[in-house]
Amino acid sequence: MTHTTVDSPVGPLTLVATDGVLSGLYMTDQRYRPDDESFGPVDAAPFADVVAQLEEYFAGTRTTFELELDLLGTPFQRTVWRALCSIPYGETVSYGELAAAVGRPTAARAVGMANGRNPVGIIVPCHRVVGSTGDLTGYGGGIDRKRQLLAFETATLASSTGR
């Protein structure tokens, strides 16, 4: 494993690679963030494409990521994380809607737990999941960051479509 840290509008992001493939993107004070010692030595080399795509995202010119990911989790977690990638940029779904989308309509709480364990926030857009009433609930990177990311995507989408 290797890692590097990059600046972003939502604060420093620690990028982690396993065998050269992105396996983690962690924010400062993120819930379920592994110990920094587990990230391996600092080496920015494996992250050029990740950094470029994050810069495009934060510049408002990228709405989806095209990166190889090495995500460690249970089969259910990986199913939820794949489903997160289908939520359109600038839109939200509820935990219940996401549970139904993965074929487990009564598992909204389990979907929420899997969402919270997402190891590559922003790229796998867990910030696009909200409570059943539209309230911003639970986000491993903190509610303020979730609000910031959603507001950014909404504003970017509105300016690009003239809405």
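# Exercises on a predicted model

The UniProt annotation "domain: Methylguanine DNA methyltransferase ribonuclease-like", from an unreviewed entry, covers residues 1-71. UniProt positions follow the numbering used here, feature names are shortened, and annotations may be inferred rather than shown by experiment. This is a predicted model, in which local features need pLDDT of at least 70, side-chain atom pairs count only at pLDDT 80 or more, and totals for chains, interfaces and linings use all residues. Residues are numbered from 1 along each chain as its sequence is written, and side-chain values use heavy atoms, with hydrogens and water left out.

## Exercise 1: the annotated span and its strands

Task: Work out how strands E1, E2 and E3 are joined.

Solution, step by step:

1. Begin with the span itself. Residues 1-71 are 17% helix and 25% strand, and the end C-alpha atoms lie 13 Å apart. Helices (H or I, at least four residues) and strands (E, at least two) are DSSP runs, numbered from the N terminus.
2. Now take E1 and E2. Strand E1 (residues 2-6) runs antiparallel to E2, with 5 bridges joining them. Two strands pair if DSSP finds at least two bridges between them. Look for His3, which stands opposite Val16 in E2.
3. Follow the chain through the turn. E1 and E2 form a hairpin with 6 residues between them, and Gly11 in that turn has a positive phi of about 105 degrees.
4. Move on to E3. Strand E3 (residues 21-27) pairs with E2 in the antiparallel sense over 6 bridges, and Thr14 stands opposite Tyr26 in E3. This hairpin has 2 residues between its strands.
5. Finally, check how enclosed E2 is. In strand E2 (residues 13-18), 5 of the 6 residues are buried, so the strand is largely enclosed by the rest of the structure. Here buried means under 20% relative accessible area, exposed over 50%, and partly exposed in between (1.4 Å probe, protein chains only).

## Exercise 2: two residues with positive phi

Task: Asp19 and Ile122 each have a positive phi; find out whether each one is buried or exposed.

Solution, step by step:

1. Asp19 lies in the loop between E2 and E3. Phi of Asp19 is near 50 degrees, a positive value in a residue other than glycine.
2. With a relative accessible area of 75%, Asp19 is exposed.
3. Ile122 lies in the loop between H4 and E5, and its positive phi is about 75 degrees although it is not a glycine.
4. At 1% relative accessibility, Ile122 counts as buried.

## Exercise 3: salt bridges

Task: Find which residue forms a salt bridge with Arg128, and where the two partners sit.

Solution, step by step:

1. Recall the rule: a salt bridge is a side-chain nitrogen of Lys or Arg within 4 Å of a carboxyl oxygen of Asp or Glu. The count by this rule comes to 4 salt bridges.
2. The partner is Glu153, and the closest N and O atoms are 2.9 Å apart. This pair links distant parts of the chain, 25 residues apart: Glu153 is in helix H5 (residues 143-161), and Arg128 is in the loop between H4 and E5.
3. Both ends can be checked for burial. Glu153 is buried at a relative accessible area of 0%, and Arg128 is buried at 4%.
4. For another example, look at Glu56 and Arg62, whose side chains meet in a salt bridge (2.7 Å, N to O). Glu56 counts as partly exposed at 31% relative accessibility, whereas Arg62 is buried at 15%.

## Exercise 4: the surroundings of His127

Task: Say where His127 lies and which residues it contacts.

Solution, step by step:

1. His127 lies in the loop between helix H4 (108-116) and strand E5 (129-130).
2. At 0% relative accessibility, His127 counts as buried.
3. Leaving aside neighbours within four places in sequence, His127 is in contact with Tyr57, Ile122, Tyr139, Lys146, Leu149, Leu150 and Glu153. Contact means heavy atoms within 4.5 Å.

## Exercise 5: a helix pair

Task: Describe how H2 and H4 cross.

Solution, step by step:

1. The axes of helix H2 (residues 75-84) and H4 come within 9 Å and cross at roughly 80 degrees. That makes H2 roughly perpendicular to H4.
2. Axes are lines fitted to C-alpha atoms, for helices over the stretch in contact, and angles run from 0 to 180 degrees between N-to-C directions. Angles under 35 degrees count as roughly parallel, over 145 as roughly antiparallel, 65 to 115 as roughly perpendicular and the rest as oblique.
3. Among the residues of H2 that meet H4 are Phe76 and Trp81.
4. In H4, Val111, Ala114, Asn115 and Gly116 are buried. Their cover includes H2, helix H3 (95-101) and E5.
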